[in-house]
Amino acid sequence: MFVDRVGRLSEGDTAPLYRQFQRLLRDAIERDVLVPDEALPPERDLAAAYNLSRVTVRKALDGLVEARMLTRRQGAGTFVAARLEKNFAAISSFTEDMLARGRAPHSEWLSRVESVVSPEEAMALGLSPGSTVYRFTRIRYADGISMALESATVPSSSLPSPEAVEDSLYDALGDDRPVRVLQRFRAVLFTNEQAALLKIPKNSPGLAIERRGFNADGRTVEFTRSWYRGDAYDFVAELNVPPA
């Protein structure tokens, strides 16, 4: 029973009921009584179990959603928020990372176009001015939750057309996919426009990553800039001491 695991409201507590219930859930999450990705009972069941109104339960849950301790998934319910880990010991795409963790990835395309390379892209990709590139800009999601904004540029010689990329850029690149990457990290605050796209508060913290990918021939085939949510993603790197 949920109540047996989480506990009951304290008798004699004079705080508003929604704050009492919110505190109870927060404590259960912090003590790992409620674990990441665990589904909470429906609001009507919580209201009945704790003798609260649904308005009180909804207000308590809203505060924890705003605090990023809970998350709502359309058509599925309310879940304990889970942070995702990105391991930089292996070269993998966002889609591959999410599938490996049992999450459902999808993208919202903002643009997918053919264009003339910019000076910055030409420098990063080693292309001549006037070369043609394909640009891909999208919002990346896991289980319906926004995770990152991503803008990738590849030489047009690496793909037949922009429409060749469906879910995974690396799948579309095939034998031309990167086997070596260089990445630069920078802490940022999301701009108002970026925050609106991700549906998070403005000035939320994030991590900007600039990535250059090289194929087996040593040619640069990817120049990607991504902005990951700081409240939803952890980055892990495995380091080894070289042999003496």
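Which residue just after H4 takes a positive phi? A few notes on this predicted model, starting there.

1. **After H4.** The residue is Arg68, with a positive phi of about 65°. The helix before it, H4, covers residues 54-66, so that is the place to begin browsing.

2. **Length of H4.** The helix checks out on length: 13 residues at 1.5 Å a residue should span 18 Å, and the end C-alpha atoms are indeed 18 Å apart.

3. **The two sides of H4.** Thr56, Val57, Ala60, Leu61 and Leu64 are the buried residues here. They cover an arc of only 125° around the axis, so they sit on the same side of H4. Turn to the face pointing away from that buried side and you'll find Val55 and Glu66, both exposed.

4. **What covers H4.** The cover over the buried residues includes two helices, H2 (17-30) and H3 (43-50), along with strands E1 (70-73) and E2 (77-80).

5. **The sheet.** Further along there's an open sheet of 6 strands, ordered E4-E5-E6-E9-E8-E7, with antiparallel pairing. E4 (105-116) and E7 (180-189) are its edge strands, each pairing on one side only. From one strand to the next, the twist averages 15°.

6. **E9 and its neighbours.** E9 (residues 220-229) is joined to E8 by 9 bridges, running antiparallel. With E6 (residues 145-155), E9 pairs over 6 bridges, again in the antiparallel sense. As for burial, 9 of the 10 residues of E9 are buried, so the strand is largely enclosed by the rest of the structure.

7. **Register marks.** If you want to check the pairing by eye, a few positions help. On the E8 side, Ile209 stands opposite Ser226 of E9, and Gly213 has Glu222 of E9 as its bridge partner. Towards E6, look for Thr153, which stands opposite Phe223 in E9.

8. **The E8-E9 turn.** These two strands make a hairpin, with 5 residues between them. Gly218 lies in the turn and has a positive phi of about 85°.

9. **Arg211.** Buried or exposed, what is the state of Arg211? This arginine is found in strand E8 (residues 205-214). Its relative accessible area is 10%, under the 20% cut-off, and therefore Arg211 counts as buried. Its side chain does have a polar partner: a 3.1 Å polar contact joins it to the side chain of Gln183.

How values were computed:
Residues are numbered from 1 along each chain as its sequence is written. This is a predicted model: local features need pLDDT of at least 70, side-chain atom pairs count only at pLDDT 80 or more; totals for chains, interfaces and linings use all residues. Side-chain values use heavy atoms; hydrogens and water are left out. Helices (H or I, at least four residues) and strands (E, at least two) are DSSP runs, numbered from the N terminus. Buried means under 20% relative accessible area, exposed over 50%, partly exposed in between (1.4 Å probe, protein chains only). A polar contact is a pair of N or O atoms within 3.5 Å; within protein, one must be able to donate a hydrogen and the other to accept it, and residues adjacent in sequence count only if both atoms are side-chain atoms. The expected span of a helix is 1.5 Å times one less than its number of residues. The arc is that of the directions from the helix axis to the C-beta atoms. Contact means heavy atoms within 4.5 Å. Two strands pair if DSSP finds at least two bridges between them. Axes are lines fitted to C-alpha atoms, for helices over the stretch in contact, and angles run from 0 to 180 degrees between N-to-C directions.
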